[in-house]
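Open the structure in your viewer and keep the selection tool at hand. This tour goes stop by stop.

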Amino acid sequence: MKNNRMKGKTALGILGLALGSACAATAFAQKDLDRTTLPIPEPRLPVSQVLDARNATPPERFEVKAPEGTPNIIIVLIDDLGFAGTSAYGGPISTPTFDGLAQNGLFYNNFHTTAVSSPTRAALKSGRNHHVNNMGGIIETGTAFPGNTGQIPQNVAPVAEMLRLNGYSTAAFGKWHETAAWEASVSGPFDRWPTRQGFDKFYGFLGGETDHWAPSIYDGVAPVKIPEDPDYHFLTDMTDQSVAWVKYQKAMTPDRPFFVYYAPGAVHAPHHVPQEWIDRWKGKFDQGWDKLREEILARQIERGLVPKGTELAPKPEAIPDWDKLTADEKMLFTRQFEVFAAFLEMTDHEVGRLIKAVEEIGQLDNTLIFYVAGDNGTSAEGGRNGMFSEMTYFNDVQETVPDMLKFIDKWGSHETYPHMAAGWAVALDTPYQWTKQVASDHGGTKVGLAVHWPKGIKAEGELRTQFHHVIDVTPTILEAIGLPEPKIVNGVEQRPMEGVSMLYSFNDAKAKDRHVTQYFEMFGNRAIYHDGWFARTIHKAPWESKPRRPLDDDSAWELYDTKTDFSLVSDLAAKHPEKLKEMQALFMKEAEKNHALPIDDRVFERVNAELVGRPDLMAGRTSLTLGEGMTGMTENVFININIKNKSKTITAEIEVPEGTVAHGTLIAQGGRFGGWALYVKDGVPAYDYNFLGLERTAITAKE
Amino acid sequence: MATLYVNDLKVGEGRIERTQPMIFSADETTDVGIDLATPVVERLGSGSKSKFTGIIYKVTVEVKDMKKAEKTD
């Protein structure tokens, strides 16, 4: 025994020596890598002419690693929250995670989005303007025109792909909203799904919003079966997933940095949140939205976030005066906002769990965190009175206050799909006039931003006033890591980023602005910023059914000097007509350069694929044959049987095994808040039509 | 008007007063053999409760434009 063991040891010893000398030149020299072409090509290796491995030396092993000491990156992106959304920015709802990061890092008071979801998301992750990403509007409104197809091109590879090909592990959690509408089916193509847009891991939903009690989730490209648990909530689930992933990744490869994109569907409608969170906000908003705006502005000025002397922009005419509302209206509206507040507080809490996990594994100091508190201004899509179900808005059905009061105690629960009165949205965009969708006002585009990176940012709790935009985040990440902007990605020549790195401002509060010019455009609402000047035209309010005037009518442009007029209240158009003309010409130049032309303000037509030339999987087909296991078809891909009031025939060929009673769904579309189903209950066939969750009709077989 | 048939035999009929002109949902889906996420039919439920117990060979959905006259009957 002893002899054998010793023999073994000796043999191993010799092996060890041999390997030692052979491995003298090991890992590929990282500094010699040319990172401007991604993926970095493997070197061609020569053949060996040596017979015995013991006499040969292996070549250097090729591996792409991120540069030494490189930070992890986290982007947190909240949905539908405007400038006054966080407590740090004067808002009435507590957001301690955001506040904490701002207090230990930087916060920006001049940071802009595109005014709407998919465009902001594509712009944020690519460093290019939204039209350059073909994302002039949300994916559901794609047209045949470049700039607005909704299909991200190959020449704007996003930061996730850049980092992945540079040695990062990458993961996305939550909302995506960047896959072209017709590509979200089993057939793909999957090029614009998260796992082919640079993310190793994806856990979330593809569309613009989701029921947080019963979401439609994918893990990579596989649908997830959600646990049938009444307490299940998607925010908790996505956070559990992100915490687990971060800890696991670091445990396995401590020297490999990660990039996490954490994008909750909150606080977009439906506002779904557990009762215990809602109870915390009872009675906290009884003062109403007019008083609330004043309170918020006072806090903003006191903290130096907003210059002294800033005036509140007048609220839009369509927003009623709070003190003129009826008692019922006040009761309903305060309840709606209490639920929204709970949703936001819970969201910020969940973000906190992810940050805490990063701290627990010792990574907080060297993680560059961008907490972007909104992808656009707060949403006024709830209309004057809010909604029990947001689907009524999409189907042009008005809900009345008495109708909604029936649901007041259930607001925010499984039984509602709610949105809030628009007056609250205006309040959370204080000191501005407008809201989400209105790209021509800072109320639509400006959001809070906290940047936290103890290793790279010396300042603690400092304000930055430099003008910046979501397209600046990716260039900042690249500069912070020390990576070049790639010229070729996956064989395709890349369009240079329009974004400007924000790094120069990290350790210099007084640094001169570097992002000098920016166009804004969304469904005809358009504006141009240049060196402090801001020219704009309000083309359509979110609640108006059509544009106010044709696109070639330039009679309603306004001009502002943002350096002295933070809230855009003093229109200087009459005083400086030459400046306005100059700005309008600059807008056209920027719009053209960025594929924003032609401008497409056909808001309602754009929902109809056929009308605007968007691919439709069901085009020209009047019949579809499906089978077992075919589930998860979203309305973008399933045959459009509700538009233009078509009549339909559903035929199911089934077999009921001898001695059993047939029971269950044959085919169903939609759910609690609208849809239809052909089914069998305890042996009796039936067809149900659920009109918006308000009216249900059942046609059951007799006998 | 909605008419229900089993093996070409009419077994039920009813009128649906209002139908939705636009979308049913931003995230709910069309599913064969089961109703995922929230239930269309509350008394049937969703998820595993709503799974069909037999065998589905196929389901065919056909659409045609409605004749204007049908709207008034």
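**Stop 1: chain B**

Select chain B and follow its sequence: the pattern reads β-β-β-β. Keep in mind that this is a predicted model. The chain has four strands and zero helices. Of its 73 residues, 47% are buried. Now look at contacts inside chain B with a separation of 6 or more. Residues 24 or more positions apart account for 12% of them.

**Stop 2: where chain B meets chain A**

Show both chains. How many residues does each chain bring to the contact? Chain A contributes 79 residues and chain B contributes 57 residues. Together the two chains bury about 6900 Å². Carbon and sulfur atoms carry 55% of that area.

Next, turn on polar interactions. Between chain B and chain A there are 39 residue pairs in polar contact, counting pairs with both residues at pLDDT 80 or more. Colour the strands of chain B: β1 (2–6), β2 (9–14), β3 (30–32) and β4 (55–65) each supply at least two residues of the side that touches chain A. Which strand gives the most? That is β4(B), with eleven residues. Colour the same side by class, and you get 26 nonpolar, 15 polar and 16 charged residues.

Three salt bridges link chain B and chain A. Pick R18(B) and E695(A) to see a salt bridge. Their closest N and O atoms are 2.9 Å apart.

**Stop 3: a strand pair across the chains**

Select β4(B) together with strand β20 of chain A, residues 623–626. The two strands pair in the antiparallel sense, over four bridges. For a single bridge, zoom in on S623(A): its partner in β4(B) is E62(B).

**Stop 4: T30(B)**

Move to T30(B), in strand β3 of chain B. Is T30(B) buried or exposed? T30(B) has a relative accessible area of 0%, so it is buried. Display what surrounds it. T30(B) touches residues of chain A including M630(A), M633(A), F638(A) and I667(A). Q669(A) is also among the residues that T30(B) touches. The side chains of T30(B) and Q669(A) make a polar contact at 3.5 Å.

**Stop 5: the open sheet of chain A**

Hide chain B and colour the strands of chain A. Ten of them form an open sheet with mixed pairing. The order is β8-β7-β6-β5-β9-β2-β10-β11-β3-β12. Which strands sit at the edges? They are β8 (222–223) and β12 (462–464), each pairing on one side only.

Inside the sheet, select residues 367–373 and 448–452 of chain A. These are β10 and β11, which pair in the antiparallel sense over five bridges. F370(A) has V451(A) as its bridge partner in β11(A).

**Stop 6: a covered helix**

Select α3 of chain A, residues 117–126. How many of its ten residues are buried? Ten of the ten are. Among them are P119(A), R121(A), L124(A) and K125(A). Show what they pack against: α4 (159–164), α13 (473–481) and the strands β2 (72–77), β5 (169–175), β9 (258–263) and β16 (517–522) of chain A. G127(A) follows the helix, with a positive phi near 75 degrees.

**Stop 7: E485(A)**

Go to the loop between α13 and β14 (488–489) of chain A and pick E485(A). E485(A) has 30% relative accessibility, so it counts as partly exposed. A polar atom of its side chain lies 2.9 Å from the backbone nitrogen of M497(A). E485(A) also touches other residues, including T36(A), R128(A) and R495(A). Try a distance between C-alpha atoms: E485(A) and V156(A) are separated by 11 Å, though 329 residues apart along the chain.

**Stop 8: backbone details**

Select the loop between β9 and α6 (275–279) of chain A, where V267(A) lies. The peptide bond from A266(A) to V267(A) is cis, with omega near 10 degrees. P270(A) is found in this loop too. A cis peptide bond joins A269(A) to P270(A), with omega about 0 degrees.

Finish with two residues that are not glycine. D396(A) has a positive phi near 60 degrees. Look for D396(A) in the loop between α9 (391–394) and α10 (401–405) of chain A. L568(A) has a positive phi of about 60 degrees. Find L568(A) in the loop between β19 (557–561) and α15 (577–593) of chain A. Which of these is buried and which is exposed? D396(A), at 69% relative accessibility, is exposed. L568(A), with a relative accessible area of 5%, is buried.

Key:
Residues are numbered from 1 along each chain as its sequence is written. Chains are lettered from A and ligands numbered from 1 in the order in which they are written. This is a predicted model: local features need pLDDT of at least 70, side-chain atom pairs count only at pLDDT 80 or more; totals for chains, interfaces and linings use all residues. Side-chain values use heavy atoms; hydrogens and water are left out. Contact means heavy atoms within 4.5 Å. Buried area is the accessible area (1.4 Å probe) that two parts lose on being put together, summed over both. A salt bridge is a side-chain nitrogen of Lys or Arg within 4 Å of a carboxyl oxygen of Asp or Glu. A polar contact is a pair of N or O atoms within 3.5 Å; within protein, one must be able to donate a hydrogen and the other to accept it, and residues adjacent in sequence count only if both atoms are side-chain atoms. Ala, Val, Leu, Ile, Met, Phe, Trp, Tyr, Cys and Pro count as nonpolar, Asp, Glu, Lys and Arg as charged, and the others, Gly among them, as polar. Two strands pair if DSSP finds at least two bridges between them. Buried means under 20% relative accessible area, exposed over 50%, partly exposed in between (1.4 Å probe, protein chains only). Lists of a residue's contacts leave out its neighbours within four places in sequence.
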